[in-house]
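Student: I'm new to this one and would like a close look at a single part, the nonpolar core. Could you start from the outside and work your way in?

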Amino acid sequence: MITDRYDGASVATRANVYFDGKCVSHSLTLADGTKKSVGVILPATLTFNTAAPEIMECVGGSCEYKLAGSNDWVKSAEGDKFSVPANSSFEIRTTEPYHYICHFG
């Protein structure tokens with residue numbers, strides 16, 4: 001099941017813009033203090049570093065990702081999720097807009 005909305009969330013109105021606008025997101029804080037970001041990655045190949053563990057949930061489009069230490073690209077499409085450990089990195093490549101929710105912690 002795809003997450004399609006969060007009720008009762010605080011939203012940062014200033015966008016997080018990365019990689020010259022190829023990734024744009026907004027930070028959310030839920031009532032229980034849980035932090036997430038919701039955004040889109042435009043066609044590109046990008047590398048992200050993680051501080052906390054992350055779960056990337058695809059809510060539209062698709063991508064391929066490669067976790068640090070792996071040589072394998074894995075496809076992720078609408079409804080799919082993948083996990084990234086803390087203090088790590090992952091590469092992501094898209095050929096279409098990839099809409100995501102990043103679940104932190």
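Student: To begin with the outside, what does the accessible surface of the protein come to, and what percentage of it belongs to carbon and sulfur atoms?

Tutor: Keep in mind that this is a predicted model. Its accessible surface comes to about 6100 Å², and carbon and sulfur atoms account for 50% of that. As for charges, there are 9 positive and 12 negative ones, and their mean positions lie 4 Å apart.

Now the overall build. You'll find eleven strands and zero helices here, so the run from the N terminus is simply β-β-β-β-β-β-β-β-β-β-β. The C-alpha trace spans about 40 × 30 × 25 Å along its principal axes. The radius of gyration is 13 Å, which agrees with the value near 13 Å that a compact globule of 105 residues would have. If you take contacts between residues at least 6 apart in sequence, 60% of them join residues at least 24 apart.

On to the inside: 32% of the 105 residues count as buried. The largest nonpolar core has 16 residues, and the ones touching the most other members are Ile41, Phe82, Ile92 and Tyr98. Strands E5 (44-49), E6 (54-60), E7 (62-67), E9 (81-84), E10 (89-94) and E11 (98-104) each give two or more residues to this core.

Let's zoom in on Ile41. Leaving out residues up to four places away in sequence, Ile41 touches Lys22 and Cys23, then Leu46 and Phe48, and also Ile92, Thr94, Glu96, Pro97, Tyr98 and Tyr100. Two of those partners, Ile92 and Tyr98, are named with Ile41 among the core residues that touch the most other members.

Notes:
Residues are numbered from 1 along each chain as its sequence is written. This is a predicted model: local features need pLDDT of at least 70, side-chain atom pairs count only at pLDDT 80 or more; totals for chains, interfaces and linings use all residues. Side-chain values use heavy atoms; hydrogens and water are left out. Helices (H or I, at least four residues) and strands (E, at least two) are DSSP runs, numbered from the N terminus. The radius of gyration is taken over C-alpha atoms; the globule rule is 2.2 Å times the number of residues to the power 0.38. Buried means under 20% relative accessible area, exposed over 50%, partly exposed in between (1.4 Å probe, protein chains only). Contact means heavy atoms within 4.5 Å. Accessible areas come from the Shrake-Rupley method with a 1.4 Å probe; for residues, only the protein chains shown count as cover. Lys and Arg count as positive and Asp and Glu as negative; His and the chain ends are not counted. The place of a charge is taken as NZ of Lys, CZ of Arg, CG of Asp or CD of Glu. A nonpolar core is a set of buried Ala, Val, Leu, Ile, Met, Phe, Trp, Tyr and Cys residues joined through side-chain atoms within 4.5 Å.
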